[in-house]
Structures are given as structure tokens and as C-alpha cells.
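Here are my notes on the model you sent. They run from single contacts to strands, a helix, the cysteines and two loop positions.

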Amino acid sequence: MQEHKGTGNLLGVVLCGGESRRMGRDKGLMPVENTTWAQSVAAKLSALGIPVVISVNPEQQEAYGKLFPAEQLVVDSLPVDGPILGILSAHEKYPGKDILPLACDMIDMDDATLRELLEAYQKDTTSEFIAFHHDGFLQTLGAVYTSRGLAPLLQQAKDGSLKHFSLIRVLDHGTTHRIPVPSRAAFHNYNSRNELTFPEDDKGQEGKS
């Protein structure tokens, strides 16, 4: 019988450091229901009873410092590209933590899906990564990356030998526990304004040009 790990070793990470070019503004600062996308996604992770940090690039520190305590921000610090940058930067700052990343635009993620992931994480004591899949396609965010699986990737990033920054490649080449996706809608991400189905209210919001 496998021992449950609980949630004490899990860290939620909201990834906000992307350039948001197609949206035309910083997606994490987009308004939704009197809050922002980044705060909404952070709340979804906090509801699991785990600590949450916000991954940002250096140019975003000032804006996000108005929404979150400074100690909650993790600033990109490695010479890599894409979502793996935020994940590895968080791992570098919290090397003993297993990481559950969500993009700041995953505002449709639901509690039931996250708790199914959490249950799999609590039961699995051997896998490096835990991820949902549909028709063989792995969901790279809304997954768990253990500190054991991330440690060699961080070392490669630091010494310049990490040549492939794809999270799909990380999951495919690691020991990954795959879970069928319960709701594909939960993994939707918004890339442009014409995808939005709710009115935008720009009052008091800061965006990136």
C-alpha cells in the first residue's frame, strides 16, 4: 500500500511571464469578476490548501507587486524560454517543493479537476511527473512536476546543456503518471481578445504594450 504524501510538499505556481503578444496586453492583469486573471488562478490553487507563488519576468515586478506581496513573486532567473522558465525559476527558489503550475489565462480550470490531480499526486510515490492526457496528448500545465524530476533539468539549464525547452518533451522523456482528462474545457487558455466571452472592463487595470 502506497503512503499518501498529503499536500505539504506541493507548491502552486501561477505562470504570468509570457509576452501576451496576441492578447495585446498582460494577460495576468486582465480583469475578471472584480479581480484579475492572475489573482483568480492563484485563488484556485490556494483552495487546495497549498502555498502559491506568482512567476513573473523582471519587467512585470512592479505591476504584480501591487497585487501580491513581494515575497510571493518569483522572478525569472534562468537562460531558458517558455513555461519551463517559470517552473525552473520556482524550483530554484524552492528546491524541495513539488510544483503544480497553471498559466494565468487558465481561468476555466475547475476545482474538481485540480482535486483529481491532487489525489493522484497523493497516491503516487514513484513518478517524476503527473499529467492529464487526452487522445495521447499530454496537458503540460495543470500537472505536477516533482522536485526529483526538476533537479536535473535545473542543473542543465544552469550549465547550458538544456537544449530543449518543451514541457511535452520533459513529460515524454520522464517517468510520467498519465490521467485521463475529466474536462477538456478546464485546460482552455485564452490567446486573443476575440476568444473572450465576457465583457472587458479596463478601469484601474495596467497592461503591457
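Contact here means heavy atoms within 4.5 Å. Keep in mind that this is a predicted model.

1. Start with L78. Leaving aside residues up to four places away in sequence, L78 touches L85, L88, S89, E92, L154 and K158. L78 sits in the loop between β5 (73–75) and α3 (83–93). Despite that loop position, L78 is buried, with a relative accessible area of 12%. L78 and E92 are 14 residues apart along the chain, and 9.3 Å separates their C-alpha atoms.

2. Next, the core. The largest nonpolar core has 67 residues. Which of them touch the most other members? They are V14, I54, Y64, L88, L100 and Y145. L88 is also one of the residues that L78 touches.

3. L100 deserves its own look. Not counting residues up to four places away in sequence, L100 touches L10, L11, G12 and V13. Its other contacts, counted the same way, are L45, L48, L114, L117, G142, A143 and V144.

4. Strand β1 is mostly covered. Six of its six residues are buried. L10, G12 and V14 point one way, while L11, V13 and L15 point the other way. In a regular strand the side chains alternate between the two faces of the sheet. In β1, the residues pointing either way are all buried.

5. Which strands pair with β1? β6 does so in the parallel sense, over six bridges. There, I99 of β6 is the bridge partner of L11. Strand β4 (residues 52–56) also pairs with β1 in the parallel sense, over four bridges. Here V53 of β4 is the bridge partner of V13.

6. Now helix α4, residues 111–123. This helix has 13 residues. From first C-alpha to last it reaches 18 Å, close to the 18 Å expected at 1.5 Å a residue. At its start, a side-chain oxygen of D110 comes to within 3.2 Å of the backbone nitrogen of A112.

7. What is buried in α4, and what covers it? The buried residues are T113, L114, L117, L118, A120, Y121 and Q122. L114 and L117 are both touched by L100. The cover includes β1 (10–15), α1 (37–46) and β6 (98–103). It also includes β7 (129–134), β9 (144–145) and β10 (176–180).

8. How many disulfides are there? The count comes to zero. A disulfide needs two cysteine sulfur atoms within 2.5 Å. For C16, the closest cysteine sulfur is in C104, and at 4.4 Å it is too far for a bond. The reverse holds for C104, whose closest cysteine sulfur is that of C16, at 4.4 Å. C16 counts as buried because its relative accessibility is 2%. C104 also counts as buried, at 5% relative accessibility.

9. Two backbone angles need checking. Most residues other than glycine have a negative phi. N34 is not a glycine, yet its phi is positive, at about 65 degrees. N34 lies in the loop between β2 (31–32) and β3 (35–36). At 86% relative accessibility, N34 counts as exposed.

10. The second is D135. D135 has a positive phi of about 50 degrees, although it is not a glycine. Its place is in the loop between β7 and β8 (137–138). Is D135 buried or exposed? D135 is exposed, with a relative accessible area of 73%.

Technical notes:
Residues are numbered from 1 along each chain as its sequence is written. This is a predicted model: local features need pLDDT of at least 70, side-chain atom pairs count only at pLDDT 80 or more; totals for chains, interfaces and linings use all residues. Side-chain values use heavy atoms; hydrogens and water are left out. A nonpolar core is a set of buried Ala, Val, Leu, Ile, Met, Phe, Trp, Tyr and Cys residues joined through side-chain atoms within 4.5 Å. Buried means under 20% relative accessible area, exposed over 50%, partly exposed in between (1.4 Å probe, protein chains only). Helices (H or I, at least four residues) and strands (E, at least two) are DSSP runs, numbered from the N terminus. The expected span of a helix is 1.5 Å times one less than its number of residues. A polar contact is a pair of N or O atoms within 3.5 Å; within protein, one must be able to donate a hydrogen and the other to accept it, and residues adjacent in sequence count only if both atoms are side-chain atoms. Two strands pair if DSSP finds at least two bridges between them.
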